[in-house]
Amino acid sequence: MTAHTSTTRLTVAQALVRFLAAQYTERDGVRRRLIGATWGIFGHGNVAGIGQALVEYADVMPYHQGRNEQAMVHAAVGYARQSNRLSTHAVTTSIGPGATNLVTGAALATINHVPVLLLPGDVFAARPADPVLQQLEVPYAGDVSVNDCLRPVSRYFDRITRPEALIPAALNAMRVLTDPVETGAVTLALPQDVQAEAYDWPEEFFAERTWAVRRPGADPAELAEAVTAIRAARRPLLIAGGGVHHSRAEEALAEFASATGIPVASTQAGKGSLRFDHPQDVGGIGHTGTATACELARTADLVIGVGTRYTDFTTASGTLFQHPGVRFLNLNIAPFDGHKLAGTPLIADARSGLAELTEALAMHGHRVDAAYAAEYTEDKERWEQRVDACYEADEPDVRPTQPQVLGVLDTLVDETDIVINAAGSLPGDLHKLWRARSRDQYHLEYGYSCMGYEIPAAVGVKLAAPERPVWALVGDGTYLMMPTEIVTAVQEGIAIKVVILQNHGYASIGGLSESVGAERFGTAYRFPSDDGTYTGPPLPVDLAANAASLGMRVLRARTVAGLRDALAEARAADTPTCVYVETKTTDTVSGAPPAQAWWDVPVAETATRPSAVKARELYERHVSTRRRHL
């Protein structure tokens with residue numbers, strides 16, 4: 001440190017909070033604060049460090065009190081996704097169980113390419129006494145703590161063992177958080193003694209910094225190859241993934257689809273890239289997709305993936321794309337994803353790449369054959385009739401099926417509503433049936449499909465979009481995983497709407513269990529029977545009373561008519577409100593159309609029970625249709 005350099009003496013924690021408050025992002029001329037707030041639960045590992053610093057700088061760093069460390073990460077992810085990844089939250093925890101509770105949330109953030117900053121406390125760097133409370137002793141390594149389990153689920157990890165190490169680590173953390181390719185969970189592990197240690201910090205460290213979020217265009221040679229591939233295709237299909245939303249490329253996609261007539265299917269993360277009533281929108285793709293999209297995929301000679309990772313649900317575990325000459329063109333900002341399925345890569349930002357493709361194809365007047373457009377248009381209309389049939393409720397005084405719950409909600413929402421879900425049977429029903437009215441109405445976390453995500457994510461989304469109705473749709477299994485942030489919503493007056501669908505168990509896995517010969521074992525919320533199975537009476541659990549006990553206003557809906565009134569009342573409410581409804585099950589678990597494409601869940605190769613033997617026979621027929629596209 002040179003004598004003339006201006007410095008400020010602060011603790012490491014104080015310096016970090018001041019630094020975070022001065023970081024900004026900029027894209028398309030819009031500047032936003034990068035770290036909008038910090039979530040925290042305090043213990044001995046962070047209370048005297050980050051905790052004291054947040055009090056010191058409460059005027060520049062907003063704070064939210066969480067109830068569960070994993071849930072705090074989910075809330076930060078919800079906020080970041082709603083903010084188009086241009087702003088996120090930090091999450092601080094104590095050492096030990098507080099830190100390890102972050103792992104699930106970190107994995108979810110990284111898998112979904114959503115930025116979140118994790119600041120777990122850590123054991124003493126100076127090692128004044130080993131072992132300290134909650135320290136994991138590793139006989140072969142003195143520098144390992146429980147925080148090391150965050151390494152594989154973080155896009156960047158560092159442990160700050162000396163004050164001056166914070167400067168490069170903090171800058172690297174911001175670099176990764178704002179990189180559209182590399183972003184995900186970023187972890188700075190903070191030993192509790194170092195957090196409280198003072199240091200003379202250069203004033204430059206606290207200067208405002210603006211991190212530009214890049215929109216790279218396509219390489220001219222790759223663009224030319226992509227145009228050639230599209231012009232040669234007779235049955236092209238575009239698959240819109242989450243990258244379309246991350247890039248804010250929805251308008252560019254609509255222009256491309258309208259100009260070329262190429263139909264657009266969507267992954268769970270990409271649904272809503274086109275409005276449901278756009279002429280080229282053919283709905284969800286893959287195992288949970290529509291019959292229209294999946295049939296187009298089976299016969300497509302060119303699959304144009306835009307911002308998709310091609311997960312097994314999207315490809316139907318490699319069985320969906322059956323055209324003998326099918327080829328793949330992958331527009332993706334990440335080279336790793338752009339080269340999947342031996343595809344022709346077009347490495348670029350989704351919005352930039354789509355605009356360049358539209359312009360290049362317009363020079364040739366390219367458009368798909370009218371007969372192909374008529375074919376998928378007619379198929380789309382037939383599927384919409386199936387959706388209407390699922391939504392229809394002729395008997396208003398009976399319990400609704402799960403699709404009828406969605407149907408009632410469908411009649412009440414407009415383009416401002418945001419619907420959040422992550423796990424259970426709802427993702428399949430929503431992907432097939434939901435009519436997305438805006439680019440961000442459909443918020444499905446299906447990269448990790450984490451039960452318990454919905455309620456804390458709704459809190460985060462509502463913080464990012466306070467003027468909009470935000471719905472968390474949860475089954476009873478998901479609700480029991482993580483209802484804790486209801487308390488946060490009540491405490492801060494965050495007017496989320498929670499819809500609890502009670503079907504007495506893990507309905508989705510129950511249906512899957514039956515299909516693979518496991519006979520729904522261990523999937524129902526019922527008392528055990530004499531044969532060891534859980535097939536007795538339903539448990540006397542009152543989830544509505546539980547939500548009410550956490551401070552939420554609860555509306556019980558016992559019929560279709562009652563549900564309509566309750567959802568309308570909840571939508572108008574300006575306080576956290578829950579609608580509880582017990583649904584009627586059917587042969588297809590929820591009442592929605594069955595899967596339109598396969599999903600590989602291995603079945604016992606040998607068994608004596610007839611259900612498993614039959615399931616194995618069906619499995620072998622499906623697996624024989626798998627194609628390896630490299």
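This section walks through the cavities, a helix pair, the nonpolar cores and some backbone oddities of a predicted model.

The empty space comes up first. Rolling a probe the size of a water molecule over the atoms shows where such space is left. Six cavities of 30 Å³ or more turn up in the structure. The largest of them has a volume of about 130 Å³, and 17 residues line it, with D281, G283, T290, W383 and E384 closest to its centre. Three elements each put at least two residues into that lining: strand β14 (281–284) and the helices α15 (370–391) and α17 (426–433). The wall is a mixed bag chemically, with six nonpolar, five polar and six charged residues.

The second largest cavity holds about 60 Å³ of space. Its lining is made up of R27, N84, R85, L86, L177, T178, D179, P180, T183, V213 and H246. Sorted by class, that comes to four nonpolar, four polar and three charged residues.

Helix α15 shows up again in a helix pair. Two packed helices are described by the angle between their axes and the distance between the axes. For α11 (residues 291–299) and α15, the axes come within 8 Å and cross at roughly 145°. On the α11 side, the contact is made by A291, T292 and L296, while α15 brings in Y372, E375, Y376, D379, K380, W383 and R386. These residues split into five nonpolar, one polar and four charged. One of them, W383, is thus part of the α11 contact and also sits among the residues closest to the centre of the largest cavity.

Next come the nonpolar cores. The largest one has 53 residues, and I230, L238 and L354 touch the most other members. Setting aside residues up to four places away in sequence, I230 touches F256, I262, L302, I304, L329, L357, L361 and H366. Apart from this core lies another one, of 49 residues, with W39, V73, A80 and L543 among them.

L354 gives another view of the 53-residue core. This leucine lies in helix α14 (residues 350–362) and is buried, at 0% relative accessibility. Leaving out neighbours within four places in sequence, L354 is in contact with L238, A249, A252, L253, F256, V306 and L331. Of these partners, F256 is 98 residues away from L354 along the chain, yet the two C-alpha atoms are separated by 6.7 Å. F256 is also on the list of residues that I230 touches.

The backbone has a few spots worth a look. Most residues other than glycine have a negative phi, and most peptide bonds are trans. A cis peptide bond joins D130 and P131, with omega at about -10°. P131 is placed in the loop between β7 (116–122) and β8 (156–159). H113 is not a glycine, but its phi is positive, at about 55°. H113 belongs to the loop between α5 (102–111) and β7 and is partly exposed, with a relative accessible area of 24%. S317 is another non-glycine residue with a positive phi of about 55°. Here the loop is the one between α12 (312–315) and β16 (327–332). With a relative accessible area of 9%, S317 falls under the 20% cut-off and so counts as buried.

Two further loop residues round things off. P540 is found in the loop between α21 (507–515) and α22 (543–549), and at 72% relative accessibility it counts as exposed. From P540 to Y525 there are 15 residues in sequence and 9.6 Å in space, C-alpha to C-alpha. A595 sits in the loop between β23 (577–582) and α24 (610–623). With a relative accessible area of 43%, A595 is partly exposed. Not counting residues up to four places away in sequence, A595 touches H287 and K432; K432 falls within the stretch of α17 (426–433). The C-alpha atoms of A595 and D130 are separated by 55 Å, with their places 465 residues apart along the chain. D130 is the residue joined to P131 by the cis peptide bond.

Methods
Residues numbered from 1 in each chain as written. Predicted model: local features only at pLDDT ≥ 70, side-chain atom pairs only at ≥ 80, totals over all residues. Heavy atoms only, no water. 1 Å grid on protein atoms, 1.4 Å probe; cavity = no way out; pocket = protein on both sides within 12 Å on 5 of 7 lines; lining within 4 Å. Points joined across faces, edges and corners; volume = space filled by probe spheres on them. Helix = DSSP H or I, 4+ residues; strand = E, 2+ residues; numbered from the N terminus. Nonpolar A, V, L, I, M, F, W, Y, C, P; charged D, E, K, R; others polar. Axes fitted to C-alpha atoms, helices over the stretch in contact; angles between N-to-C directions. Contact = heavy atoms within 4.5 Å. Core = buried A, V, L, I, M, F, W, Y, C linked by side-chain atoms within 4.5 Å. Buried < 20%, exposed > 50% of the residue type's maximum accessible area, 1.4 Å probe, protein only.
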